[in-house]
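The following exercises concern the arrangement of chains and domains in one structure. Each task is followed by a solution in steps.

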There are 4 protein chains.
Amino acid sequence: MATLGANRYGKQKVRVLRKLDNGQSVVEISADALLEGTFDRSYLGDDNTQVVATDTVKNTIIALAHQHLGPVIEEFALRLGRHFLARHAHVDRVFIELRERRWERMVIAGQTAPHSFHASPLGEPYTKLALSRVGCELESGIRGLLVLNSTHSAFRGFDHTEFTTLVDADDRILSTVIEAGWTFLPDETDYRSINERVLAAMLEVFATRFSPSVQRTLFEMGEAALQSAPGIARIAIRMPNKHYFPANLSAFGIENPNITFLPQDEPHGQIEAIVRR
Amino acid sequence: MATLGANRYGKQKVRVLRKLDNGQSVVEISADALLEGTFDRSYLGDDNTQVVATDTVKNTIIALAHQHLGPVIEEFALRLGRHFLARHAHVDRVFIELRERRWERMVIAGQTAPHSFHASPLGEPYTKLALSRVGCELESGIRGLLVLNSTHSAFRGFDHTEFTTLVDADDRILSTVIEAGWTFLPDETDYRSINERVLAAMLEVFATRFSPSVQRTLFEMGEAALQSAPGIARIAIRMPNKHYFPANLSAFGIENPNITFLPQDEPHGQIEAIVRR
Amino acid sequence: MATLGANRYGKQKVRVLRKLDNGQSVVEISADALLEGTFDRSYLGDDNTQVVATDTVKNTIIALAHQHLGPVIEEFALRLGRHFLARHAHVDRVFIELRERRWERMVIAGQTAPHSFHASPLGEPYTKLALSRVGCELESGIRGLLVLNSTHSAFRGFDHTEFTTLVDADDRILSTVIEAGWTFLPDETDYRSINERVLAAMLEVFATRFSPSVQRTLFEMGEAALQSAPGIARIAIRMPNKHYFPANLSAFGIENPNITFLPQDEPHGQIEAIVRR
Amino acid sequence: MATLGANRYGKQKVRVLRKLDNGQSVVEISADALLEGTFDRSYLGDDNTQVVATDTVKNTIIALAHQHLGPVIEEFALRLGRHFLARHAHVDRVFIELRERRWERMVIAGQTAPHSFHASPLGEPYTKLALSRVGCELESGIRGLLVLNSTHSAFRGFDHTEFTTLVDADDRILSTVIEAGWTFLPDETDYRSINERVLAAMLEVFATRFSPSVQRTLFEMGEAALQSAPGIARIAIRMPNKHYFPANLSAFGIENPNITFLPQDEPHGQIEAIVRR
């Protein structure tokens, strides 16, 4: 016999843009909202009476965004989550994820344009909320932040096996796509300032410290993030090593003293760690 | 002060194709291998002596694939995992994921071609292994399996709120991208046969049962999967509802009795559940 | 002074699915319709009176699809094109492109399912029409058809330069993504049968002839296509060489007699040619 | 009988990064090089003696990039093109396309970092060259430049048909992905300065002029580009209209005075025009 285990459902990729200050800024999100609760009748038989239609979930997101979406996406996530819990007694937990398309004001001839924007190059901010009547987990983070150091990175002195062919590199290129998520302490509410400080702290480490390995750089980035923001409990960082191997031109009698590199998307190294207090 | 928490690293998207039977069949995989263990010196200081270079991980995957990759990717995942544990005392757990590009023999003028293939339309099979010296979790599954029912699907009698505008549908299109993962019982080794039976069972339910909701169809697919394969403990299924809304042509005085639909990739419904014995 | 040169506008990626025979088959397209004509007032000043809104173009595609879309997408392209020319005297030329998501009936336990489908593995068929009041160019084709020969392919005896390191290959893997477009003769109307015959002819060559080069295989595929279908004037074929290089395991003392290969998406060879009568 | 028509072949997506000034800047490109000439023997028979292997084309690109790639990608395209013509008498024409991944120096705590970069948000610059022994066409441009105006855009007074449901918009959001290519005059060599001025001119128009239609904005952008750079002959601009429709919340008794919008990737309007002197 089959039994229904953990389950949740809802709507994903609901996109909304809201203008603020007559269009002097805009907030654009792609939102997911999944509901967990007592929905077994829809799985175990032909009975949808417990089901809030995902179309209704979508409409709710859009209507509440119109009324409440502002520059702090964490606040909107909480509002959405609370709405579903308050409205539906049979919903036990709500999972919200908001991904932000960050728009930056253009600078035209040295002046900030009043209502014109280009996409931000600094990755996609997100916030993830798991909210129940007894608890709340809130994580914010960044994905897709593509960065590169042209020097001050090395990798040497590593373990060797029968399958090792890599040689020590004293001066290599380090490129990665930063994905990082930090968990707020329960009473913390200063999300926006924390997000800015965490991001700045990570980029400062990336740009100013010598990197003996992706591992070391990742840990130092996490350490700096924790130092910059007492309001977070931990940070999880995942960084692919997007390889740039030196071009080997020796077959053509050409020397390449670490000047020319061949970027390669795959395979890629992958380093993942949690840094906590 | 900052502390190193859970961490792992390795290589991802290592692609290999191996010919079998002089090319009468081929196995093509994209492999990830991540190592968990005692690697703290690389995070906490400028010391890489514990680090098996991810380049070595890549070479190991390729060399072992040459020696051992066959039609059953679960067996290769286990072999890879065991290799890393046996070779490195300071590795405690290995995470392997293999994704398969399934190649199907062409049929030319009614005959199966001896060494010519096209891509399979039935999604991307995968296997995920977490192997330590004391335990083993092995899950296989399928992703990206795009299917559609043109009729025999409905959705009515659902809960209504102040944000509900959806009306009951008696005959709708049901399209989804099946993503399902099933967990093998500890002593089970007949992976290939199970994978085939689970997939066939899910598709048979999809194709033959009336669907009163995605939830119901998902549960019945999971139930049939469990019935077809006593060797699995549970199955997790995630199915987006890829909406096809009826085209509303009333503004042009044209009736559309459920004949013409507007496919829409986003937003999409999302239904996720575990079905277990 | 600036002058307006060639210009066109319209709507792209209008998706429609139409059921046929009570859902026993479905036709799903993504349609583009661009209009060329007398629209200069919208470019040269603040005057939109000549502009058929792209939203109207979208509505027109959907409404006509409801009334006329059938299994032969070329016929619908022509109908759409003629509609815009007939309806708007100031439109001189219409560009239509239809891309088809081909759905295949599932086979369940040896039986064809009556209303259940999976995506076709044989690429994306398309048709492109440029229709004016004095002329018509109609091309149909296929994109994204991924195929592989595990053997019976070689590449040797090529030109050598100071930058050549490639060595002769007597037995290599040949994989490509076929993109081909064939142009119908003016009076030809048997689109469906021609499309099937051209595709079958190309795949038969790919599967049955020894390949001394991608160039040779491409030409033979084009030649066979022309032979199979007197109603086409020419065929343009573009085929990337999706490289599968033999894994070099000599550093580990392992021989690889053309058994194990490393697939690589980029860089890729690219061969493009027109074959005509 | 089948005849070989126009044909060309080569390598695509050859990626190279070159450090300049000890890594204070980097140039990263993805390069295509296709050769046209006398290669018929490879198509018409089993004879590759005319074929410069695409692997050699790749090596050539990398070796010449090491020796010559600098900040002006047009100069490198010309050098590559001339190399193939000079080296191979049977090559008649060379098609080069270089796409640049533009890396921007990070600013850390108000200071420009010496060797650290993030991806540029301003799209992907490219240059396309068709070079023969008797002629040269050189076009540079930009793709993927995502921009948005939150106001100062309208669309009204357009043509109406039986399929028109769109109503006049006095204040809409205008978002597009600019794709523009400009053709240099034969003797022009100041590519870098022209590229900067053309881009700045287009963005200034986008940010400062009221938009009565995408057509008008496109033309004014082209006009400004031509004015900014006497060294270009024409500019081709393609701009999708990435729709942001006002959320209709009237079913919930909520008014939306142009504050909240639903972004929609497809279908999209498409406007394409050439602006010339």
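**Exercise 1: Domains of one chain**

Task. State how chain A is divided into domains, and characterise the contact between them.

Solution. The model is a predicted one. Chain A consists of domain 1, spanning 9-134, and domain 2, spanning 144-276. Next, consider their separation: the C-alpha centres of domain 1 and domain 2 of chain A are 31 Å apart. With contact taken as C-beta atoms within 7 Å, 7 residues of domain 1 of chain A touch 6 residues of domain 2 of chain A. On the side belonging to domain 1 of chain A, these residues comprise 4 nonpolar, 1 polar and 2 charged.

**Exercise 2: Relation of chains A and B**

Task. Determine which rotation superposes chain B on chain A, and identify the symmetry relation.

Solution. The superposition requires a rotation of 180 degrees, with 0.0 Å of shift along the axis and an RMSD of 0.0 Å. The relation is therefore that of a two-fold axis. The same surface serves both copies, since 100% of the contact residues of chain B recur in chain A.

**Exercise 3: The contact between chains A and B**

Task. Describe the side of chain B that touches chain A, and locate the strand pairing between the two chains.

Solution. Begin with the count: 66 residues of chain B are in contact with 66 residues of chain A. Among the elements of chain B that each supply at least two residues are helix 2 (54-68), helix 5 (214-228) and strand 9 (232-241). The largest share, 12 residues, is that of strand 1 of chain B. By class, this side of chain B has 26 nonpolar, 24 polar and 16 charged residues. Finally, strand 12 (residues 268-276) of chain A runs antiparallel to strand 1 of chain B, and 8 bridges join them. Within this pairing, A:Arg276 stands opposite B:Thr3.

**Exercise 4: The contact between chains B and C**

Task. Carry out the corresponding analysis for chain B and chain C.

Solution. Here 48 residues of chain B and 49 residues of chain C take part. Elements of chain B that each supply at least two residues include strand 2 (25-37), strand 7 (136-149) and helix 4 (191-208). Strand 5 of chain B provides the largest share, with 6 residues. The side of chain B that touches chain C divides into 30 nonpolar, 13 polar and 5 charged residues. Strand 11 of chain B and strand 1 (residues 3-20) of chain C run antiparallel and are joined by 2 bridges. B:Thr260 stands opposite C:Arg18 in strand 1 of chain C.

Key:
Residues numbered from 1 in each chain as written. Chains lettered and ligands numbered in written order. Predicted model: local features only at pLDDT ≥ 70, side-chain atom pairs only at ≥ 80, totals over all residues. Least-squares fit on C-alpha atoms with pLDDT ≥ 70 in both. Domains from an automatic or database assignment. Nonpolar A, V, L, I, M, F, W, Y, C, P; charged D, E, K, R; others polar. Helix = DSSP H or I, 4+ residues; strand = E, 2+ residues; numbered from the N terminus. Pairing = 2+ DSSP bridges.
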